[in-house]
Number of protein chains: 2
Amino acid sequence: MKLENITIKDIARALDLSVSTVSRALKDSYKISGETRLLVQRYASEHQYRPNVMAQSLKSQRSRSIGVVLCNVPNVFFSEVLSGIESVAYNSDYLVIITQSQESYQREVKNVQNLAWRSVDGLLVSLSTESENLDHFTRLHEQGLPIVFFDRVTDLLQTHVVVADNRGGAYDATVELVRSGYRRIAHVTSSPHVSITLERRQGYFDALQEAGLAVDEACIKYCMHGGMVAEEIEQAVTELMALPSPPDALLCASDRLTMGCYALLRRRGYRIPEQVGIAGFSNFNAAELFCPGLTTVRQPAFEMGKAASELLIGLIESKRPPREYEQRVFATELVARGSTARVR
Amino acid sequence: MKLENITIKDIARALDLSVSTVSRALKDSYKISGETRLLVQRYASEHQYRPNVMAQSLKSQRSRSIGVVLCNVPNVFFSEVLSGIESVAYNSDYLVIITQSQESYQREVKNVQNLAWRSVDGLLVSLSTESENLDHFTRLHEQGLPIVFFDRVTDLLQTHVVVADNRGGAYDATVELVRSGYRRIAHVTSSPHVSITLERRQGYFDALQEAGLAVDEACIKYCMHGGMVAEEIEQAVTELMALPSPPDALLCASDRLTMGCYALLRRRGYRIPEQVGIAGFSNFNAAELFCPGLTTVRQPAFEMGKAASELLIGLIESKRPPREYEQRVFATELVARGSTARVR
DNA sequence: ACATTTAATGCTAACGTTTGCACAAAAAAA
DNA sequence: TTTTTTTGTGCAAACGTTAGCATTAAATGT
């Protein structure tokens, strides 16, 4: 019932040769007479011989596939990253296996172990918000499995890393808010476990400080599931707006949070940008169609996916570990729109 | 350098047993004394034995992985489908391999062949706009490779199919436009090669006819790349609006087209919904934040992904082909918003 | 003419499992 | 006690490749 393919043995039998000769003739290595080589290769292509990859994998201990571990595909940022990953893999003839952690530590662990066990040649990882302990990676990494982190990274492992300039992006957005006349800028962000949260917060801090504005911890709300659960966002916004002196602007740290906050503000009838300004990280490119247009910090997601993929494949295909691990940082792009246009 | 795992042989040697006994003890089959079974199983779990999947695959000719072929991951609809696929696969312990055709026939063929050759157990496919010839599927299908089509399907192959009620969705949206007072409704759609185009067009036709409105072929624009190239959309809209009697409303047939047309109309200064109404298929759930809110036909993408995945896994795991192939049709949901609200 | 090199091919063992069959020892039946 | 059955285990082949070493025949050197 399964697809019966012709094997190297069949060829050997048909041509009255040994399997080793056939094998060698096909990868034109070693000393094989041009005659037999041609004979074998013609027979092979005529009969549509395709080497059995499972056998090859078993022999070589390589599968020409890479595993991707990320939170959630429908997140615009991740879907673009994934697209970038796939496009590089396609050209390099690697298969891309996708898993979602759904921001769950448990699920991340299971996925990573499953992928490793199913013998991917390398791993492309963006950590879940829940992940603090990274043993599931360190063990594999020590055993020599190539891993590249992107977006939500860690310095507990010595390896390549692909990130956006998170500090810079948050800084730029905050500066824009300040420039527009906002003075009490709140920050709605994700779990402080993940790298991007800290970096973005730093950019927010830096900009406030430069502007001589106070940093108020009460104005920072951490959504532990990165906005995967709608209630988090609702609670964060509610609490912020109930403060004795409520914020006049929101800086949101992720796709989901930005959209969530924006929608909520509008639903609750806040006037944007007069009453509350809002800016945030988002890769949704129709933000200009919103009412008012949403000021966003855009990350070159597709390019980041490509870079991560390239670095990983480099790691996989080089015999020796590199002398130095790269940290590739991509510039973000601030697109200022109506949602922060309080003043001309 | 690669992760050295303990093998069944190691266990056999350590316990002074034969490999076959160990193998059998581990899958507690056959007649093995409780004693040895326990011994083996304890040793195995203590030493973290994990069967080598490549060897198992080679033996069983199964890989516990499924291949997905779709156009483009960042498309909201597809990313949600993919998420549904992954979630079912995760629970059933299948790996999901993702490939993008980017609406290219060539690429689709290469991906399909590559996946089959790399021995996935089954295929989940949404056809590219360019695909007319489906030989690359029929051959594999005849050889017994389970395939399930979703979204852009075909009846050239006898297999399970998962679709939205495309005719109904387009019908509902058109009826809504008519109800709002639009009388010359154009249709911007994708390549007529793909099933969804025909079905959606049919719904559009039916609604027009029921309303006693004329069907004008000049009012139907086919974007052969489904809107992947921005120029197609631009050209379609330009041509429509340049007609002797230009349309007063647009019905768009896909995520990308809907967004593209909406953005273009706004950029060109058309007043929506007074001058031109617009409605279309789209899974973008922030359409309510647009200005005006965008009337959309929503497909239960995640559920469709789940269904497709379940059907495929069913196919893979049943010994015999099913007596009958299913065509699972999911209802769409029309969300009427400002972009079609010409009259109260 | 014989020794030595070179070229082309074959044999065999591996990679880690699974499984039909054979075998031995113990238990049951005669 | 002998025969038969049962129970547990081992052997070996298979899945489709690859690669080190051995082998043969031909070609070159002396």
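Start by selecting Arg64(A), which sits in the loop between α4 (53-60) and β1 (65-70) of chain A. You're looking at a predicted model, by the way. Check the backbone torsions here: Arg64(A) isn't a glycine, yet its phi is positive, at about 50°. As background, most residues other than glycine have a negative phi, and most peptide bonds are trans. Keep the second half of that in mind for a later stop.

**Zoom out: chain A and its domains**

Now colour chain A by domain. The assignment gives domain 1 as 8-51, domain 2 as 63-163 plus 301-329, and domain 3 as 166-299 plus 333-340. Put a C-alpha centroid on domain 1 of chain A and another on domain 3 of chain A, and you'll get 64 Å between the two centres.

**Bring in chain B**

Show both chains and superpose them. How does chain B get onto chain A? A turn of 180° with a shift of 0.0 Å along the axis does the job, leaving an RMSD of 0.1 Å. That is why you can call the relation a two-fold axis. The two copies also use the same surface, since 100% of the contact residues of chain B recur in chain A.

**Helix pair one: α5 and α12 of chain A**

Select residues 76-92 of chain A for α5 and 301-317 of chain A for α12; they pack at about 45°, with axes 7 Å apart. Angles from 35 to 65 degrees fall between roughly parallel and roughly perpendicular, so α5(A) and α12(A) count as oblique. Their crossing is right-handed. Show side chains next. On α5(A), the contact residues include Phe77(A), Val81(A), Ile85(A) and Val88(A), and on α12(A) they include Phe302(A), Met304(A), Lys306(A) and Ile313(A). Colour the contact by class and you'll find nine nonpolar, six polar and three charged residues.

**Helix pair two: α10 and α11 of chain A**

Stay in chain A and pick α10 (residues 230-241) and α11 (residues 255-267), which pack at about 55° with their axes 10 Å apart. The two helices, α10(A) and α11(A), are therefore oblique to each other. Look along the crossing: α10(A) passes α11(A) in a right-handed sense. From α10(A), the contact takes Ile233(A), Glu234(A), Val237(A) and Met241(A); from α11(A), it takes Arg256(A), Leu257(A), Gly260(A), Cys261(A), Leu264(A) and Leu265(A). By class, that's seven nonpolar, one polar and two charged.

**Helix pair three: over to chain B**

Hop to chain B and select α2 (residues 19-26) and α3 (residues 34-46). What angle do these two make? About 85°, with the axes 9 Å apart. That makes α2(B) and α3(B) roughly perpendicular to each other. Val22(B), Ala25(B) and Leu26(B) of α2(B) meet Arg37(B), Val40(B), Gln41(B) and Ala44(B) of α3(B). The contact divides into five nonpolar residues, one polar and one charged.

**Last stop: two cis peptides in chain B**

Here's where the peptide bond remark comes back. Where does Pro273(B) lie? In the loop between α11 (255-267) and β9 (277-281) of chain B. Select Ile272(B) along with Pro273(B): the bond joining them is cis, with omega about 5°.

Then move on to Pro292(B), in the loop between β9 and β10 (295-298) of chain B. Cys291(B) and Pro292(B) are joined by a cis peptide bond as well, and omega is about -5° this time.

Conventions: Residues are numbered from 1 along each chain as its sequence is written. Chains are lettered from A and ligands numbered from 1 in the order in which they are written. This is a predicted model: local features need pLDDT of at least 70, side-chain atom pairs count only at pLDDT 80 or more; totals for chains, interfaces and linings use all residues. Side-chain values use heavy atoms; hydrogens and water are left out. Domain bounds come from an automatic or database domain assignment. Copies are superposed by least squares on the C-alpha atoms of residues with pLDDT of at least 70 in both. Contact means heavy atoms within 4.5 Å. Axes are lines fitted to C-alpha atoms, for helices over the stretch in contact, and angles run from 0 to 180 degrees between N-to-C directions. Helices (H or I, at least four residues) and strands (E, at least two) are DSSP runs, numbered from the N terminus. Angles under 35 degrees count as roughly parallel, over 145 as roughly antiparallel, 65 to 115 as roughly perpendicular and the rest as oblique. A crossing is left-handed if the near helix is turned anticlockwise from the far one by less than a right angle, and right-handed if clockwise. Ala, Val, Leu, Ile, Met, Phe, Trp, Tyr, Cys and Pro count as nonpolar, Asp, Glu, Lys and Arg as charged, and the others, Gly among them, as polar.
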